[in-house]
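This report describes how selected helices and strands are arranged in a single model. The sequence and structure are shown first, and the description follows.

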Amino acid sequence: MPTRLLIKRFVLWLVIGICILPLLAIPDSNVEYVHIGVFVLFHPQILIFHPATGHQFVFTDSTGKIKLTAVPEDGLEIQLAGERLRVIMNGTQQEASDVQIRPVNSKEEDFDLTIPNKIHRRFQGTLDIKVEQNSLSPVVVMELETAVASVVAAEAQPGTPIEGLKAQAVATRSYLIAGKGRHTSFDFCDSTHCQFLRSIPASGSKAQRAVQETRGQVIVYKDVTLAAMFSASCGGRTRTLLENGMKVDENAYPYYSVICKRCQRSPEHWNVRLSKQQADVLMEHPTEKERLKVAHELSWSNLPSNDFKIHSENGTFIAVGKGHGHGMGLCQRGAAAMAASGNDYRMILEHYYPNTSISTIQVH
Ligand SMILES: [Zn+2]
Ligand SMILES: [Zn+2]
């Protein structure tokens with residue numbers, strides 16, 4: 001190729017680079033972000049990325065070299081290629097050790113991510129993809145308040161009044177800030193392990209209003225933000241860490257057993273058949289850890305809570321219990337009922353998290 005043409009090309013790329021770089025959304029260091037490992041149970045070998053309508057995304061690798069710009073019409077495929085990944089768009093292929101996908105004009109935009117024939121989901125934020133343990137590891141990076149809204153929308157029981165949603169929002173924000181570090185490559189995963197299985201709430205929804213009206217508020221215990229646990233339905237009273245067979249450090253929030261009027265009046269009952277071995281284990285160690293182990297064997301929904309008794313009928317073992325979830329902290333069913341009878345979110349949080357206070361952190 002003639003030198004003049006080479007120089008011309010170089011100048012052209014330089015100009016394109018200078019024009020595009022300022023448009024790239026560089027994460028704001030003052031904003032709290034949450035990193036969520038998605039599709040973790042699928043060990044993806046192929047991912048299809050689609051920008052949502054109207055949004056442009058730029059793909060870079062960790063060397064910072066701009067590779068590709070994806071417009072809404074483009075479907076972009078990311079394949080596992082040995083220890084690296086291959087990005088395919090419009091018939092062109094490029095290999096890299098990782099890829100970061102950022103919207104061109106803002107900090108967060110919607111995009112769709114698909115594993116062909118397995119799962120499809122819409123996310124909001126930016127996306128990092130690495131190769132880990134012979135599969136692609138997609139991590140969605142969301143602003144904290146977006147993440148809180150996603151969890152509140154997903155967790156809210158139908159018909160929960162706004163004050164109940166606000167209590168859920170404050171508990172969730174606290175959990176997301178203080179509960180980080182469950183994984184090495186990201187903060188939370190989207191399996192039942194972390195239960196971060198969410199899509200984005202519609203703007204103007206009650207969930208979003210609850211998040212906006214409690215912006216930055218967290219639950220604090222001994223001057224530290226509490227990784228506030230919550231469950232769907234407590235069975236009549238909430239449980240302590242000790243009751244669930246968990247370690248209680250001196251400075252850790254012990255959780256308290258408080259009466260939950262809604263569940264006490266009409267607990268959610270369930271019963272489950274167990275093998276002799278499962279029954280023996282649970283009778284000897286009635287802990288949350290053992291419950292989750294047995295629940296996993298039975299499939300997740302099948303040992304809903306730790307509040308049960310086991311009896312045998314003609315050689316068959318049956319667990320008869322109440323409630324759904326570990327029963328520690330806020331009871332979502334009880335919180336909805338408290339809100340419906342006129343309590344505000346502060347009263348609800350005070351009830352389910354005794355000896356804590358609410359404090360406001362700076363979010364941008
Ligand atoms: Zn996890
Ligand atoms: Zn309850």
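## Helices α3 and α8

In this predicted model, helices α3 and α8 are oblique to each other, because angles over 115 and up to 145 degrees fall outside the roughly perpendicular and roughly antiparallel classes. The angle at which α3 (residues 162-178) and α8 (residues 332-340) pack is about 140°, and their axes lie 7 Å apart. The crossing of these two helices is right-handed.

On the α3 side, the contact is made by E163, G164, A167 and Q168. Helix α8 contributes Q332, A335, A336 and A339. By character, the residues of this contact comprise 4 nonpolar, 3 polar and 1 charged.

## Helices α3 and α4

Helix α3 also packs with α4 (residues 206-213): the two axes come within 8 Å and cross at roughly 60°. As with any pair of packed helices, the angle between the axes and the distance between them serve as the description. Helices α3 and α4 are therefore oblique to each other. Their crossing is right-handed.

In this contact, I162, L165, K166 and A169 of α3 meet K206, A207, R209, A210, V211 and E213 of α4. The residues involved divide into 6 nonpolar and 4 charged, with no polar residue.

## The three-stranded sheet

A separate topic is the pairing of strands. Strands of a sheet pair through backbone hydrogen bonds, in either a parallel or an antiparallel manner. Here, 3 strands make up an open sheet with antiparallel pairing, and their order is β16-β18-β17. Strands β16 (269-274) and β17 (307-313) are the edge strands, each of which pairs on one side only. On average, neighbouring strands of the sheet are turned by 25° against each other when direction is ignored.

The pairing of β17 with β18 (residues 316-322) is antiparallel and extends over 7 bridges. Within β18, K322 is the residue that stands opposite D307.

## Helix α6 and the sheet

Which strands does helix α6 lie across? Helix α6 (residues 276-284) lies across β16, β17 and β18. Relative to β17, helix α6 runs at about 135°. The strands that α6 lies across are those of the open sheet described above, in which β18 stands between β16 and β17 in the order.

Key. Residues are numbered from 1 along each chain as its sequence is written. Chains are lettered from A and ligands numbered from 1 in the order in which they are written. This is a predicted model: local features need pLDDT of at least 70, side-chain atom pairs count only at pLDDT 80 or more; totals for chains, interfaces and linings use all residues. Axes are lines fitted to C-alpha atoms, for helices over the stretch in contact, and angles run from 0 to 180 degrees between N-to-C directions. Helices (H or I, at least four residues) and strands (E, at least two) are DSSP runs, numbered from the N terminus. Angles under 35 degrees count as roughly parallel, over 145 as roughly antiparallel, 65 to 115 as roughly perpendicular and the rest as oblique. A crossing is left-handed if the near helix is turned anticlockwise from the far one by less than a right angle, and right-handed if clockwise. Two residues are in contact if their C-beta atoms, placed from the backbone, lie within 7 Å. Ala, Val, Leu, Ile, Met, Phe, Trp, Tyr, Cys and Pro count as nonpolar, Asp, Glu, Lys and Arg as charged, and the others, Gly among them, as polar. Two strands pair if DSSP finds at least two bridges between them.
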